[in-house]
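Biologist: Could you pull up the model so that we can go through how its chains pack against each other?
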There are 4 protein chains.
Amino acid sequence: MASKLIAIIAGVGPGTGAAIARKFALAYPVVLMARKPDNYDSLVKEINNKGGKAIGISTNVADASSVKSAMGKIEKEFGSGVGCAAAIFNASSGFVRKPFLEMSETDFTTGYEVSGKGAFLFSQATLPLLLRSLDQSPQHPPTLIFTGATASLKGGPQLSSFASGKFALRALSQSLAREFMPKGVHVSHAIIDGVIDIPRTKEWMKDAGPDAKIAPEGIAESYWGLHVQPRSAWTVEIDVRPWVERW
Amino acid sequence: MASKLIAIIAGVGPGTGAAIARKFALAYPVVLMARKPDNYDSLVKEINNKGGKAIGISTNVADASSVKSAMGKIEKEFGSGVGCAAAIFNASSGFVRKPFLEMSETDFTTGYEVSGKGAFLFSQATLPLLLRSLDQSPQHPPTLIFTGATASLKGGPQLSSFASGKFALRALSQSLAREFMPKGVHVSHAIIDGVIDIPRTKEWMKDAGPDAKIAPEGIAESYWGLHVQPRSAWTVEIDVRPWVERW
Amino acid sequence: MASKLIAIIAGVGPGTGAAIARKFALAYPVVLMARKPDNYDSLVKEINNKGGKAIGISTNVADASSVKSAMGKIEKEFGSGVGCAAAIFNASSGFVRKPFLEMSETDFTTGYEVSGKGAFLFSQATLPLLLRSLDQSPQHPPTLIFTGATASLKGGPQLSSFASGKFALRALSQSLAREFMPKGVHVSHAIIDGVIDIPRTKEWMKDAGPDAKIAPEGIAESYWGLHVQPRSAWTVEIDVRPWVERW
Amino acid sequence: MASKLIAIIAGVGPGTGAAIARKFALAYPVVLMARKPDNYDSLVKEINNKGGKAIGISTNVADASSVKSAMGKIEKEFGSGVGCAAAIFNASSGFVRKPFLEMSETDFTTGYEVSGKGAFLFSQATLPLLLRSLDQSPQHPPTLIFTGATASLKGGPQLSSFASGKFALRALSQSLAREFMPKGVHVSHAIIDGVIDIPRTKEWMKDAGPDAKIAPEGIAESYWGLHVQPRSAWTVEIDVRPWVERW
């Protein structure tokens, strides 16, 4: 791995973010962002121990100064002219589910804080590095990927906070795809439709049979698949669901 | 017009909001909300002069205390037990169109302020009055309608602010429909896909032939049509576009 | 009712088609098409007895010669220059639901026969009369409406025959809307999402509470609402579902 | 390549089908179907010369007896118990574009003949072989992929024949996904949104810059990517478009 280009992943936890980080770390130095260092510390060690390169940066993507600070650390580590091969926004708000009339204003805006404003800040911070990579002989087109959910397409009852954030994220993704794909940056959106197989969901769906939860590694492979698409054949939206999921 | 139920319309200006107000004022006392009294003053007079009843309330729908104050004025005017026959959210943010990398955080969140947070505040304030009307022998099912746009379905280039707000609004509308329709409140969303024929757009599309801009009265008729639907046959989404519009 | 324009409704049975016929018969002489005269005979009498005008024509919409013969009868009855105010395609195939590997070719093509080919034949026969009405001072824009279903948007398991027909119908509707709306004919598509309240479904959903099935009259009102829209504010797709329907 | 499983590709011509065949031939013996042997003869030789295995079968997918005959040839060549790793339906009808009122019935049904009935016949013939592979230790889940187009989502003016066929195909794909994914067969649909770079389109879009047409190899890679997805993370729909395409 001699790439001078980096990959930046926001929203690294024990599931999808970690799997994406491991996958992209096979090709690029990776920057892992999460609010709590607990979410990336062991993964950073794991990747560095295996011969990859990773750094973790405590970042609140919904806070402009925190994102700015994170980008400063990236430049300090990798140089002010560093290019980005892939930026992946996998951050998500807490999942608010409650009767609409019992929601506080904060309950409602929680979804947008991360999925709307956070995605905006992350995109604005990383797009210059993605564009810059075009002059640095990238092996694959620079790629910006957003992680969506079932709620990106459907506003379920009592889920207006989460759904309005995820809808907003999809709008942003489409808008950026239409503005930046003609400039050479591949922008894509993934609708993750199912329960992800992580420690927290270990006890869920036990009767649903094998592989009824989404393996994070499967998502990571699909994201990598998007990254390596040539610019003449780009995909802007995929869905990912387990074989037994109803939809 | 002896109805004790009222209609509340947010986002009253010279176009759609005014036409909706005139239409619903034929059946109900109407409350007109806009930030600037200039937007509703003459219309309030017009409706009252014609034998209807209207009041205007200066309201910033994106501000919780302003919405709360407005609801207080409504109760003062119509009684604390007043029921609402129709609440129509027609407010919209300014239309930000600029290259993504030149947008400020405020540019981006502008769309959501009104279409996301504002719609949340308006819905939470009016739903109790809509539900209350069910005990007051309403002639038609209580109805909550949101005004969307082309950008409710498609995130255009440089339009991420507006589109992310309108996508969020659609998510909210769907979520409320799924929660409140089984409780008896009809929730619907209208995608207005075209240029509306108002003084500000007078010089637009002059070569497009007659009726190439949407007549606000046409929208108002369709909103009324949604309102009078029986609960056994409700529509949750309509599109409205002029005959010559490409889509 | 002195209109010289007629309305043509294909697919008249005891439910939606009859309600549509009754509604449009208040304004226009109506032509009722169904394969079996049993489906329209008593309705024709009812409308004529009430002061309207109706004729029934036994028609197989999926058969070109049958459609041609029906149009000949219309011209004989109303004159060769008759204009059409509204043409409504409410015909539907039988509902095939069986494991895919057990379907015959005929099982599969059944859906398309009516919803694809039948809708094509009906549209091609009626559009000249709809266009002709534009020169005959119509009160409302000529309107062509297609009845869809849940399966117009979603291909359910074991329902490929019905769904592929309804998807094809929606494609046709969109294509005609884009070609003929700029010529002055309003083309619209209605997604009926729920069980319709007709004699055959009398025993269904008895525990679902009042109004859990769609009243055909509600659909008819919405179709009339589409018909009277001015050309500056046309709707090309509506959904219709009962208040308690999950979607 | 010691696989006993085969891949079957219908609709092999000089573009997408050939690229898919070459890609899947790296892992499986491939069966190439097209109406005219000219469309696969040289490709069959090429694959066999390079150490792969390919056979071509002249097949009209819209004709049941032709499809049955083709399956007989497959069993004769590979044994009556042969399993299928991937079946790819890439066939398409001719592209009819003409004013609706000038279309013949045959013009209209042309789209459905291949995309509807043909896809039905192909699916029904290959699904038993796909299911059978599950008992033969497949490296990847058996996969059935359908090639769609822009017209799978949008009925353009004068394109009702092509669009109604492609809509029908998408309905079939969804229905099969919902029935057969829980049985272990991955069913997916690809929306190819753009001009494909083949000899016939050589002179098209010359001013659109490099990579403005879709490279068939890019589609083939994406289809392979679908094939290797684990069953815990399947994608049922992708879009494929060039970086400069507007949508």
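Modeller: Here we go through the helix packing, the wider contact and the relation between copies, bearing in mind that this is a predicted model.

Biologist: At what angle do the axes of H4(A) and H4(B) cross?
Modeller: The axes of helix H4 of chain A and helix H4 of chain B, each spanning residues 105–133, cross at roughly 165° and come within 11 Å. An angle over 145° counts as roughly antiparallel, so that is how H4(A) and H4(B) run relative to each other.

Biologist: And is that crossing left-handed or right-handed?
Modeller: The crossing of H4(A) and H4(B) is right-handed.

Biologist: Which residues meet there?
Modeller: From H4(A), Phe108(A), Thr109(A), Tyr112(A), Gly116(A), Lys117(A) and Phe120(A) meet Phe108(B), Thr109(B), Tyr112(B), Gly116(B), Lys117(B) and Phe120(B) of H4(B). By character, the residues of this helix contact are 6 nonpolar, 4 polar and 2 charged.

Biologist: Stepping back, how many residues does each chain put into the contact?
Modeller: Chain A contributes 32 residues and chain B contributes 32 residues. On the side of chain A that touches chain B, H4 and helix H5 (160–180) each supply at least two residues, and H5(A) gives the most, with 13 residues.

Biologist: What is the make-up of that side of chain A?
Modeller: The side of chain A that touches chain B divides into 16 nonpolar, 10 polar and 6 charged residues.

Biologist: Changing topic, what turn lays chain C on chain D?
Modeller: A turn of 180°, with a shift of 0.0 Å along the axis, lays chain C on chain D with an RMSD of 0.0 Å. The two copies are therefore related as by a two-fold rotation axis, and the same surface serves both, since 100% of the contact residues of chain C recur in chain D.

Conventions:
Residues are numbered from 1 along each chain as its sequence is written. Chains are lettered from A and ligands numbered from 1 in the order in which they are written. This is a predicted model: local features need pLDDT of at least 70, side-chain atom pairs count only at pLDDT 80 or more; totals for chains, interfaces and linings use all residues. Axes are lines fitted to C-alpha atoms, for helices over the stretch in contact, and angles run from 0 to 180 degrees between N-to-C directions. Helices (H or I, at least four residues) and strands (E, at least two) are DSSP runs, numbered from the N terminus. Angles under 35 degrees count as roughly parallel, over 145 as roughly antiparallel, 65 to 115 as roughly perpendicular and the rest as oblique. A crossing is left-handed if the near helix is turned anticlockwise from the far one by less than a right angle, and right-handed if clockwise. Two residues are in contact if their C-beta atoms, placed from the backbone, lie within 7 Å. Ala, Val, Leu, Ile, Met, Phe, Trp, Tyr, Cys and Pro count as nonpolar, Asp, Glu, Lys and Arg as charged, and the others, Gly among them, as polar. Copies are superposed by least squares on the C-alpha atoms of residues with pLDDT of at least 70 in both.
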